[in-house]
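Let's take a walk through a protein together. Have the picture ready, and turn it around as you read.

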Amino acid sequence: MKLHRIIVLSALLSFQPITEVCGGTTDSPRHSFSIGEDDFLLDGRRFQIRCGEVHAPRVPREYWRHRLQMSKAMGLNTVCAYLFWNMHEPRPGQFEWSGQADAAEFCRIAQELGLWVILRPGPYSCAEWEMGGFPWWLLKQEDIQLRTRDSRYLEAVKRYLKEVGRVLGQLQITKGGPILMVQVENEYGFFGKDATYMGGLRQALLDSGFEVPLFACNPPQHLRDGFRQDLFPVVNFGSDPASGFKALREILPKGPLMCGEFYPGWFDTWGAPHHTGNTTRYLADLEYMLKAGTSFSIYMVHGGTTFGFWTGADRPFKPDTSSYDYDAPISEAGWPTEKFYKTRELFARYLLPGETMPEPATKNPVMRIGPAEAMECAPLRENLPTALKDSKPRTMEQYDQGYGCILYRTALPMGPEATLEAAAVHDIGQVFVDGKRLGILDRRASKFSVGLPRRETTGTLDVLVEAMGRVNFGAEVHDRKGLHGPVKLSAVNGQTAELADWQIFSLPLDGAMLKNLRFGPPRLHEPAFWRTFLRVDEPRDTFLDMRTWTKGFVWVNGHNLGRFWSIGPQQTMYLPGPWLKQGENEILILDLFGPTQPLVAGLEAPILNQLRPELDFARVKRPQIRLQLDAAEPLLKGSFAPGTSMQELKFPHSVNGRYFCLESVSAHDGKPYAAVAELELLDVSGNPLSHESWTIAYVDSEEREREDGTAENAIDGQTANFWHTQWGSASPPHPHRLVLDLGQSRSIAGFRYVPRQGAADVGGRIKEYRVYVGDNLIGR
Ligand code: GLA
């Protein structure tokens, strides 16, 4: 294996301790970074990368220095940062590098504070970020294939990476800057195996002026997918470093071992329990890596907040919360947690010669505000822009709209009781007839139809659709928002008609739209903006208490703080002090359903772990399904091997079926629980089937109170979370059944089972199992 040796001009440098100021201005001595036989080499000396991930757009720019100082004080010597393409190129060819998008300034501050930088420019970043970082306008091309060699995609990628090179190239260590390494794509192995595609991106980065080492990250089970000798591999894992590095050594016999993402916690999705990490195991795994001399990056050291429209969604469709606290060592508001201090203590024992750790920055003060009642109200449907006309409803990208909401209006003919059905709704649709809300369409439950009563006259049908952030993982990133037609009306008398001649109202909820709102008296039970002004004498951080509101967005002095949803687990929104001003502050709240009380209040601490399932308008109740396994013969039965490795099993012959059922008969620890981190189904050539349109048809048991053991975790592509049967208020025995609905009959030749990851003693690892495939495994 050819070693990645890059010797940089500074050969003149004699041996000296690691300087605290990383690189510096063009006239300071240049440093060199390279990948050696066994270690990373900084100025020719062994350099153990102790890195942590921080996303500049998720931290108020005014606090970048504070958070980076905290990271340094925790004992890191490097920060890792994604770039999000959609933030830097909001429109084709229009680039944005100011304000929250000023990535160069973020790198410079890191450098000043003595932190090196690992840059992850994408083009795909994942990160629970809108569309994984991809710009929505790529989806205007109906059949574009992202993350492939689709020339339209690659052309846009090259333009973007060229711009990244223009702005950040000069911050490479080779030019006196802090950037040590640059990542190509992100966990591509989860998506494909096309090494030529990866090679093309590598070349695009080289052509854009990047000369530091280029690397690629993947989870252990996908390290070979898309692997190239000329891209240095790192492995991502949340636990069990020994197995992770063992898998890495299989493709990297020589060279330093690095974990590109080591998870101290995890992200939250609306309606599922708040995630917290196991601190003891996190510290033990960190010490293991420190002792082993390997390098790592803690994902996230500080999560921050996903402001604005930037939240993504996990697949199949689990929208992410706007809080990205991630149970990280540095909390959403920049507070040092117990995990922070324990990590600092640990790192203090592994500092490299010459490295020091400053005292942590002081905690920013907080304040309570209000409560105050918002009295001004601007109903959304009375603040509509000029409509477009269209014979059929299309997705918002086709109307040149990226984010926000969109209202579809058409005439509803008089007639008998009927069902209104759309092909799909991305993501939450409210159906109004003559202004009265009659039903909700909910992508989480694939609920795309509502019943309509008998109508004596022609009426006005409104379908208000909210886009909740495009899926950031898998093929599902091709996530077009709005109504997916046709929209049909099926009357009880069997007549069906496609509704046509629509008015389309784009509601991008951007500055231009917000400044023209017309306010009036309160109107509680409909989609409306609410406004109030709050006097603040001394602006400080606070946490807006959203518990009397239902679902929507908040703007403070024009800053879009992001989404709220009363179902939780997040119930407060972080409001950074620097975004408030002394005197009058405008608080604007769009509630798409209406508050129980229009109260605006700020608390001194966040509430991130309060689920309120009773408030979920279409609580994802599993449809009442009858499992019909008695008549079915298992296609395969056997025992899974113990441990965490992915296991691939082939059927004696390929079969066709719409449903796949995994039945656990026993567990390796003898307990009544079953868990699955990930399930993949294989086609006749052994390739994983796309998860697009997969849903959970049936599951006998899932833990949804004490932890997020929802069944969707088994098909979301992430191996760090898992389906787990109930253990909180009950412990039903085996057999446990999980049935996947593939949406249509598919030819299946085998499957891959990824057991629950983590330490040897975690529960739920299935031992004996049976597998069924067919079209009649379930009955309604
Ligand atoms: C993956 C991705 C990250 C992020 C984490 C989960 O490994 O690479 O961008 O999505 O999972 O937080």
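We'll start with the empty space, then visit the ligand, and finish with two single residues.

Before we set off: this is a predicted model, where local features need pLDDT of at least 70, side-chain atom pairs count only at pLDDT 80 or more, and totals for chains, interfaces and linings use all residues. Residues are numbered from 1 along each chain as its sequence is written, and side-chain values use heavy atoms, with hydrogens and water left out.

Rolling a probe the size of a water molecule over the atoms shows where empty space is left. A pocket here is an open set of points on a 1 Å grid over the protein atoms alone, where a 1.4 Å probe fits, with protein on both sides within 12 Å along at least five of seven lines; its lining residues have an atom within 4 Å of a point. The largest pocket holds about 1,300 Å³ of space. It is lined by 48 residues, and the closest to its centre are Gly-238, Ser-239, Thr-719, Gln-757 and Gly-758. That lining divides into 17 nonpolar, 20 polar and 11 charged residues.

Which helix gives the largest share of this lining? That's H6, with six residues. Strand E9 (232–237), helix H6 (241–251) and helix H7 (279–291) each supply at least two. (Helices, H or I with at least four residues, and strands, E with at least two, are DSSP runs numbered from the N terminus.)

Stay with helix H7 for a moment, as Glu-287 lies in it. Glu-287 counts as buried because its relative accessible area is 18% (buried means under 20%, exposed over 50%, with a 1.4 Å probe and protein chains only). Its side chain is joined to that of Arg-349 by a polar contact of 3.1 Å; such a contact is a pair of N or O atoms within 3.5 Å, and within protein one must be able to donate a hydrogen and the other to accept it.

Now for the ligand. It is surrounded by 15 residues, and the closest are Tyr-82, Glu-128, Glu-261, Tyr-263 and Tyr-326. An oxygen atom of the ligand is 2.6 Å from an N or O atom in the side chain of Glu-261, and for Tyr-263 that distance is 2.8 Å. The protein covers 100% of the 300 Å² of accessible area that the ligand has on its own.

Last stop: His-525, in the loop between helix H9 (511–514) and strand E26 (528–536). Is His-525 buried or exposed? It counts as exposed because its relative accessibility is 65%. Its C-alpha atom is 6.2 Å from that of Phe-593, which is 68 residues apart from His-525 along the chain.

Technical notes
Grid points are joined across faces, edges and corners, and a volume is the space filled by probe spheres set on the points. Ala, Val, Leu, Ile, Met, Phe, Trp, Tyr, Cys and Pro count as nonpolar, Asp, Glu, Lys and Arg as charged, and the others, Gly among them, as polar. A residue is near a molecule or strand if one of its heavy atoms lies within 4 Å of it. Accessible areas come from the Shrake-Rupley method with a 1.4 Å probe; for residues, only the protein chains shown count as cover.
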